[in-house]
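Biologist: Could you take me through the unusual backbone spots in this model, one loop at a time? I would like a close look at a single part, and then how the others compare in kind.

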Amino acid sequence: MPDRRPGRSRIVMLCFAFLVFLCSAYAVAGDLEPFKAVPVPEENPQTPEKIELGKKLFFDRRLSGDGTMNCATCHDPEQAFTDGLEISLSYPTTRNWRNSPTLMNVAFQKHLFYDGRARNLEEQALFPMMSAFEMNRNLDFVEEVIRSVPEYVDAFQKVFGGEVTRERMAMAIAAFERTLVSRDTPLDRYLKGDQKALSEEAMKGLALFRGKARCTECHYGVSLSDDMFHALNVPEDPEHQRDPRIAATRRFVAKVYHFDEYRTLAEDPGRYLITKDKKDWKAFRTPTLLEISRTAPYMHNGIFPTLEEVIEFFDKGGGQGNSALKPLGLSAREKQYLKTFLVEALTGEPVVIEYPRLP
Amino acid sequence: MAAGPTVKKIMDTYKGKIRLVIKNYPYIYRDYSHLAAEASLAARDQGKYWEMHDLLLKRSPKLDRASLIGYAKELGLDVKRFSDSIDNEMHAQEIERDKKLATDMDLYQTPTFFINGLKLVGDRPFDSFKKVIDEELKNARP
């Protein structure tokens, strides 16, 4: 009988092949990529007219129940499309419970919201409009409100060849949001071959980002995010836990997502609310790091006002009891290099928005 | 929102260096918001604006006429003068002027702050203000 056991050299070869495979898999997972065209769904192609219509809707306060809020209330172009607050602004008399994420580079996301409850921008756009603690607008009603404006009726006819619907409103807003991308960041220039794009200190930060600080395990690709969910056990803010208005919001969302103990829920369950999978308890989507210097405060509840505090959090291995992170052991100087990289390399030219004339 | 304590801390920290101007912006869809603005200005006439301001936030949403008069008593105000002021909407013109200013500036959120023209929306921690004020003071002419 032929000996079927692999010979020593074959074992070495197999091990070597396996190692190469592992290395290449890791390299793909952790690669930084230069900017490329934003992905656009086939069913919602970009046109200049659609983008302009979406921009008008984005800034139109008719989309909120009391006419005081538009999308830009929480995604202010002058604050890198955030509102700069720990937790986002909210419908009058209520309080939101999570931080307003930037819309910069949102086109690259495969999941929207910190808990990933929407799969694309078209789906996402309607959530805040109908949310009781955000824009608080009934969607059947808002369709009629927009239909009562002749200029909008004409624009929808021109762009979509049909009447105003909530889905088309969302499609137009999504088209506008896909134009909000970071241009010309030093990292992008560096990845395209400009060896002088980063300062010496930022280069040291990049080496840490890819190496000892292990950032590229989750922050990679064009938008520096794996688009996955991780339970880092970010601490709760005691002030938020005490506020009865935030408790009402938390319980309301939990109730809507059929969380059995919503009445006694005292913390943010994160992705778990959507999947009901134990591993997703307090897991949140990895955010983009592009424009990070402009999007403080940080984390889903805005608990860290500065990048220094975020770096400290990761350096000590994340929040209590988490199993996703390990302590990094960075020196004070290494933390400084990392911060320099985050601030210097990931900040692009500011996006200048010409405010539309609303009908 | 209850930004009062932060504002007071700012005024204490930068005593003599900054000036505070408050504009009224009662929320259109709250029953007693306009009346509460009248009450705070009626209290201002008797030198107790901040005392009334704090009480209104503490007792909100109990801001009906009877409650407001109760608060005036509690603060030791001349109740007749206070009641006449809110019943006759003595400060309506000032409040309307403030509201028009806000809508002309496309402002809809309360509180909204302007520090030398720089806009900060929402109730923010003291340090957010400190950063801006320190920078402005640094750039101010001696």
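Modeller: Happy to! Helices and strands here are DSSP runs, numbered from the N terminus, and that is how the loops get their bounds. Please keep in mind that this is a predicted model.

Let's look closely at the loop of chain B that runs between helix 6 and strand 1, where B:Asp106 lies. Phi of B:Asp106 is near 60°, a positive value in a residue other than glycine. Most residues other than glycine have a negative phi, and most peptide bonds are trans. As for its surroundings, B:Asp106 has 9 other C-beta atoms within 10 Å and is therefore exposed, since the cut-off for that class is 12 or fewer.

That loop, between helix 6 (92-104) and strand 1 (112-115), is also the place of B:Pro111. Here the peptide bond from B:Thr110 to B:Pro111 is cis, and its omega is near -5°.

Both kinds of feature turn up elsewhere in chain B. In the loop between helix 5 (79-87) and helix 6 you will find B:Glu89, a non-glycine residue whose phi is positive, near 45°. B:Glu89 has 15 C-beta neighbours inside 10 Å, so it counts as partly exposed. Another cis peptide bond joins B:Ser60 and B:Pro61, with omega about 10°. B:Pro61 sits in the loop between helix 3 (49-59) and helix 4 (65-74).

Definitions and conventions
Residues are numbered from 1 along each chain as its sequence is written. Chains are lettered from A and ligands numbered from 1 in the order in which they are written. This is a predicted model: local features need pLDDT of at least 70, side-chain atom pairs count only at pLDDT 80 or more; totals for chains, interfaces and linings use all residues. Helices (H or I, at least four residues) and strands (E, at least two) are DSSP runs, numbered from the N terminus. A residue is buried if 20 or more other C-beta atoms lie within 10 Å of its own, exposed if 12 or fewer, and partly exposed in between; C-beta atoms are placed from the backbone.
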